[in-house]
Amino acid sequence: MAFAITQTCCADASCVSVCPVNCIHPTPDEPDFGTTDMLYVDPATCIDCGACADACPVDAIFPAGDLTGPLKVYEEINAEYYAGRDILAEATVAPNFHRWSPPEFGRVLPSDFAALDVAVVGTGPAGMYAVEDLLLHTGSRVTLIDRLATAGGLIRYGVAPDHPSTKKIGETFARFHDHPRLRLRLGVEAGPELAARHDAVIYAVGATEARRLGVPGEDLPGSLPAAAVVGWYNGHPDAAPVDLSAERVVVVGTGNVALDIARILTADPGSLAGTSLAPAALARLRSSKVREVVVLARRGPEDAAYTRPELLELAARGNLVVDAHDPRIGAAIDGGDEKAALLRGLPREVVEWSAPPPDGRRVVLRFHSSPVAFTGDTEIRGVRATGPAGEVEIPAGRVVRAAGFRGAPVPGLPFDPGTGTVPNTAGRVEPGTYVAGWIKRGPSGGIGANKACARETVGSLLEDAIAGRLRIRRRARIFGRAPAVRQRS
Ligand code: SF4
């Protein structure tokens with residue numbers, strides 16, 4: 001019986017390196033690794049050793065035969081990835097596919113390499129992968145800083161509370177908080193003194209600003225950035241309560257965050273009790289008037305930004321409807337496109353927006369429809385959106401802007417307002433100053449993508465250290481003792 005990878009896969013590839021028969025793909029050195037929704041076990045090659053399940057930081061891997069309920073489909077999803085693939089032919093374009101990769105030798109540091117004092121700003125995945133790399137592969141001492149009083153960043157305040165397996169990766173990261181060479185400082189704003197007190201600083205501060213839509217009414221009260229809603233249900237200290245007195249909420253965007261918000265707002269509150277959902281948010285959801293969440297997508301179902309596991313989870317709840325207002329939508333779903341085909345079997349209806357939402361709670365996916373304006377005088381009353389027969393008015397009491405994130409300027413660092421990132425080369429802003437995660441590469445890729453990203457950044461930092469480009473100082477006051485640093489000139 002083979003193993004299978006399921007819904008919560010974070011694609012950080014911890015499983016790939018432990019598989020004795022190289023049957024988990026795509027691997028980080030294969031072409032589709034950067035774009036895949038998840039990794040897959042080849043059932044024909046798996047020898048059922050279970051090593052991957054032990055290594056998985058989010059408990060996403062199980063014996064395929066043990067899968068039940070909504071996870072059952074993942075046995076087929078894993079097998080499908082390999083079905084019909086001519087392994088040998090594919091190996092000519094992706095040489096590592098089903099073959100052992102060429103031997104890789106990790107970084108080699110000089111035998112006299114000095115221990116570094118490095119500050120890492122941000123306790124989310126990118127920061128923690130950088131910390132892990134520094135602590136496990138160098139003798140560095142790390143000062144880990146977060147402006148919030150609770151560590152965890154995106155894992156704590158961004159991952160949906162009803163995804164406990166995904167949140168579990170936070171435990172993997174947290175084991176470094178007590179490392180003897182790590183000093184954790186929470187509730188501290190990063191300032192210029194960091195650079196003066198450390199050999200290098202890595203900023204892994206994420207990207208939490210909502211991408212602006214550029215439509216009239218965007219700033220009306222009741223128009224909320226996705227981070228405000230996600231922060232609210234995750235108990236972020238800066239998040240204000242979200243008013244749920246409206247019957248309909250429109251979410252603009254089709255990424256996983258948009259679907260998370262739609263799922264939480266339409267869930268049976270009883271099913272959320274016992275999750276990490278903030279108690280105040282749960283109380284508000286219990287008295288929520290929201291009956292319908294409309295997910296508004298500019299493009300068609302073949303171009304939706306959500307991942308397959310996220311859509312399957314929402315569809316499995318049985319309250320997902322496709323607005324069939326545009327004939328292109330049905331054609332795409334019934335055609336050959338793999339992504340659009342995920343919507344096969346879901347109810348389709350042409351939604352009459354002037355009518356109130358039906359009883360119960362549901363999510364409506366409306367594709368090929370862009371917001372033209374958010375309407376209302378003193379607060380949001382609806383969204384005017386495009387359609388094949390002209391614009392329609394979708395009455396709504398709240399609008400959530402979930403069409404992407406962007407980074408905010410970091411004091412003292414250069415900033416590219418076009419991309420919302422800190423300009424860098426392989427994570428290096430300048431010798432001694434580095435970035436990792438979304439503030440480095442933009443808001444793309446899930447948790448696992450930060451592993452390779454952080455590794456690249458740490459690689460640049462070590463390269464600079466070896467080349468003598470860092471200003472190494474002795475800072476007995478930081479660690480209360482003179483660090484064992486061999487001075488480099
Ligand atoms: Fe590889 Fe063993 Fe996992 Fe099968 S069970 S995918 S052989 S690590």
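**H198 and its polar contacts**

Select H198 first. At 4% relative accessibility, this residue counts as buried. The model is a predicted one. H198 sits in the loop that links helix 9 (193-197) and strand 8 (200-203). Show its side chain together with that of T143: a polar contact of 2.9 Å joins the two. Then turn on the backbone of L194. The H198 side chain reaches the backbone oxygen of L194, also at 2.9 Å.

**The domains**

Zoom out and colour by domain. The protein splits into domain 1 (3-90), domain 2 (117-208 + 407-466) and domain 3 (213-404). Domain 2 is given as two segments, so colour both 117-208 and 407-466 alike. Now place a centroid on domain 2 and another on domain 3, using C-alpha atoms. The centres are 31 Å apart. How many residues of domain 2 are in contact with domain 3? On the domain 2 side there are 12, and they meet 18 residues of domain 3.

**T8 and the cysteines**

Go to the start of the chain and select T8. The loop between strand 1 (3-5) and helix 1 (14-18) holds this residue. T8 counts as buried, at 13% relative accessibility. Display its contacts, leaving out neighbours within four places in sequence. They are V58, D59, A60, S165 and T166.

Step along to C9. Is C9 buried or exposed? Its relative accessibility is 16%, under the 20% cut-off, so C9 counts as buried. Next, search the whole structure for disulfides. There are zero. C9 is in no disulfide, and the nearest cysteine sulfur, that of C10, lies 6.0 Å away. A disulfide is a covalent bond between the sulfur atoms of two cysteines. The cut-off for a disulfide is a sulfur pair within 2.5 Å, so the 6.0 Å between the sulfurs of C9 and C10 does not qualify. Add C52 to the selection. C52 counts as buried too, at 9% relative accessibility.

**L277**

From C9, jump to L277. The two are 268 residues apart in sequence, and their C-alpha atoms are 21 Å apart in space. L277 belongs to the loop between helix 12 and helix 13. It is buried, with a relative accessible area of 6%. Which residues does L277 touch, not counting those up to four places away in sequence? Select P161, Y233, I264, L272, L282 and L285. Keep L282 and L285 on screen for the next stop, since both are buried residues of helix 13.

**Helix 13**

Select residues 279-286, which form helix 13. Its buried residues are A281, L282 and L285. Look down the axis. These residues cover an arc of only 100 degrees around it, which puts them on the same side of helix 13. Now rotate to the face turned away from that buried side. The exposed residues P279, A280 and R286 are there.

What covers the buried residues of helix 13? Show helix 10 (226-233), helix 11 (256-266) and helix 12 (269-272), which are included in the cover.

**L320**

Select L320, in strand 13 (residues 320-323). L320 counts as buried, at 2% relative accessibility. Draw a distance from its C-alpha atom to that of A262. The reading is 10.0 Å, across 58 residues of chain. Then show the contacts of L320, leaving aside neighbours within four places in sequence. The list is L311, L314, A315, L346, P347, V363 and L365.

**Two hairpins in a row**

Move on to strand 16 (residues 371-375) and strand 17 (residues 382-385). They run antiparallel, joined by four bridges. Pick T375: its bridge partner in strand 17 is G382. This hairpin has six residues between its strands, and G376 takes a positive phi near 135 degrees.

Continue from strand 17 to strand 18 (residues 392-395). Four bridges join this antiparallel pair. Pick A385 here: its bridge partner in strand 18 is V392. Six residues lie between strand 17 and strand 18 in their hairpin, where G390 takes a positive phi near 110 degrees. Strand 17 therefore pairs with strand 16 and with strand 18, since pairing needs at least two bridges.

Methods. Residues numbered from 1 in each chain as written. Predicted model: local features only at pLDDT ≥ 70, side-chain atom pairs only at ≥ 80, totals over all residues. Heavy atoms only, no water. Buried < 20%, exposed > 50% of the residue type's maximum accessible area, 1.4 Å probe, protein only. Arc of directions from axis to C-beta. Contact = heavy atoms within 4.5 Å. Polar contact = N/O pair within 3.5 Å; in protein donor to acceptor, adjacent residues only side chain to side chain.
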